[in-house]
Amino acid sequence: MKTWVYIDHFKGEVQPSSWEALGLGKTFDSVTALVFGSGVETLVKAAFEYGADEVIVVDHPELGDYRAEPYASTLSALASSHTPDLILLPTTARTRELSAMAAVDLNSGVLTDVTAVEVNGDQIVFTRPIYEGKVLEKTICTARPIFVALRARSFPKPPRQEGRSGPVIRAEAKVDAQSIIAGYSTTEASVNLGDASVIVSGGRGVSNNPALGLDEKATAQKGFELIGELAAVLGGAVGASRAAVDAGYISYAHQVGQTGKVVSPDLYIACGISGAIQHLVGMRNSKLIVAINKDPEAPIFQQAHYGVVGDLFQIVPALIAAFKKRLGK
Ligand SMILES: Cc1cc2nc3c(=O)[nH]c(=O)nc-3n(C[C@H](O)[C@H](O)[C@H](O)COP(=O)(O)OP(=O)(O)OC[C@H]3O[C@@H](n4cnc5c(N)ncnc54)[C@H](O)[C@@H]3O)c2cc1C
């Protein structure tokens with residue numbers, strides 16, 4: 001099976017799950033990485049080091065900014081002439097539109113958020129969660145090439161082999177597009193919850209510590225400082241429930257759940273979060289869930305592998321101290 005892997009990046013910063021896609025591609029056969037952009041030689045090198053057997057590179061000044069039209073036209077033109085069977089991508093906002101547009105050009109199909117792949121004779125069965133993770137859908141796609149976007153952290157990232165290299169094919173860009181990027185502005189600090197291996201999240205409970213003698217918002221600020229410190233000690237990211245976001249304790253970029261991010265870290269620590277279904281759908285695929293809550297009846301304990309019934313303002317500092325000692329920090 002001829003397998004391609006699209007290396008997704010924003011101005012040279014690679015979406016790490018692109019490497020997970022390369023790792024999956026290697027389990028089928030040899031794999032070709034696709035690198036589009038302007039001045040992308042370091043990405044070509046990285047693609048080989050993460051396992052690509054060949055790289056098709058399209059390096060053009062007009063591809064310096066990601067835009068759906070030229071990227072999709074370039075991808076579909078390449079796929080028409082080289083006829084791959086399978087094009088793997090990480091699932092991101094960019095790849096959702098890119099793969100959809102290219103698939104329309106090629107009259108083919110797209111599957112996003114794929115979490116498992118199984119080869120059954122000459123068929124490949126793709127699994128992806130639907131209905132907020134309540135049902136796992138198994139799909140076989142008969143069209144070629146199949147565009148398959150993988151959910152981050154669902155497949156292992158291959159080890160990097162420094163200095164590994166291989167053949168590079170330079171291809172032409174299709175840059176006839178109706179839009180140009182006029183500029184970017186950032187609205188809030190970027191939070192990459194999707195790729196975090198550890199997430200420590202806070203809920204409404206972070207605002208509840210009468211002993212501090214502070215108002216609700218100031219208490220929540222102290223609570224999130226503790227959560228941030230625990231996340232930092234563990235090399236993780238800070239998440240939040242919608243109640244914490246709606247109350248203005250933390251920005252939306254941190255929200256986990258149905259209307260926030262869907263995450264699957266190795267470790268998810270929920271602090272002062274009750275475990276409403278809309279929160280659970282965003283984090284229940286985490287490999288290890290630890291819940292800290294004052295209420296022993298909180299539904300989060302039904303999902304947690306480990307539960308601590310107690311006040312997060314006591315438990316989190318104790319965890320920070322214990323992890324610092326254990327990790328020699
Ligand atoms: C359409 C829709 C979409 C939604 N999308 C999302 C979403 O994406 N993400 C999301 O999270 N929610 C979402 N919600 C909201 C969801 O229903 C809940 O309201 C929300 O998750 C509750 O957040 P919480 O657990 O922080 O707050 P609460 O339910 O109020 O729970 C707070 C918890 O903190 C505990 N606590 C209090 N003080 C302490 C303390 N000092 N130490 C330890 N524990 C303490 C309490 O016992 C309680 O269990 C959505 C709702 C709707 C209707």
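Select Arg 67 and Glu 62 to begin: their side chains form a salt bridge, with the closest N and O atoms 3.3 Å apart. The term salt bridge denotes a side-chain nitrogen of Lys or Arg within 4 Å of a carboxyl oxygen of Asp or Glu. Arg 67 is buried at a relative accessible area of 6%, whereas Glu 62 is partly exposed at 38%. Buried means under 20% relative accessible area, exposed over 50%, and partly exposed in between (1.4 Å probe, protein chains only).

The model is predicted: local features need pLDDT of at least 70, side-chain atom pairs count only at pLDDT 80 or more, and totals for chains, interfaces and linings use all residues. Residues are numbered from 1 along each chain as its sequence is written, and side-chain values use heavy atoms, with hydrogens and water left out.

**Further salt bridges**

The structure holds 16 salt bridges. Select Arg 160 and Glu 49 next; their side chains meet in a salt bridge at 2.8 Å, N to O. Arg 160 belongs to the loop between strand 11 and strand 12, and Glu 49 to helix 2 (residues 41-49), so this contact ties together parts that are 111 residues apart in sequence. Helices (H or I, at least four residues) and strands (E, at least two) are DSSP runs, numbered from the N terminus. Arg 160 is partly exposed, with a relative accessible area of 40%, while Glu 49 is buried at 1%.

Proceed to Lys 287 and Asp 266, a salt bridge whose closest N and O atoms are 3.9 Å apart. This pair links distant parts of the chain, 21 residues apart: Lys 287 is in the loop between helix 7 (277-283) and strand 16 (288-293), and Asp 266 is in the loop between helix 6 (242-246) and strand 15 (267-271). Both partners can be coloured by accessibility: Lys 287 is partly exposed at 47%, and Asp 266 is partly exposed at 37%. To close this part, select Lys 26, Asp 53 and Arg 164, which are linked in a network of salt bridges.

**Strand 6 and its neighbours**

Select residues 86-90, which form strand 6; 5 of its 5 residues are buried. Leu 86, Leu 88 and Pro 90 point one way from the strand, and Ile 87 and Leu 89 point the other way. Add strand 1 (residues 3-6), which pairs with strand 6 in the parallel sense over 3 bridges; two strands pair if DSSP finds at least two bridges between them. Here Trp 4 stands opposite Ile 87. Then add strand 11 (residues 146-150), which pairs with strand 6 in the parallel sense over 5 bridges. In this pairing, Leu 89 stands opposite Ala 149.

**Aromatic pairs**

The structure holds 5 aromatic pairs. Rings of Phe, Tyr and Trp (its six-membered ring) pair if their centres lie within 6.5 Å; planes under 30 degrees apart count as stacked, over 60 as edge-to-face and the rest as tilted. Select Phe 10 and Tyr 184: the ring centres are 5.3 Å apart and the planes stand at 90°, so the pair is edge-to-face. The two residues are 174 residues apart, with Phe 10 in strand 2 (residues 9-10) and Tyr 184 in the loop between strand 12 (168-170) and strand 13 (198-202). Phe 10 is partly exposed at 35% relative accessibility, and Tyr 184 is partly exposed at 47%.

Finally, select Tyr 66 and Tyr 71, whose ring centres lie 5.0 Å apart with planes at 65°, so this pair is also edge-to-face. Both residues are buried. Extend the selection to Tyr 6 and Phe 36 to display the cluster that ring pairs form from Tyr 6, Phe 36, Tyr 66 and Tyr 71.
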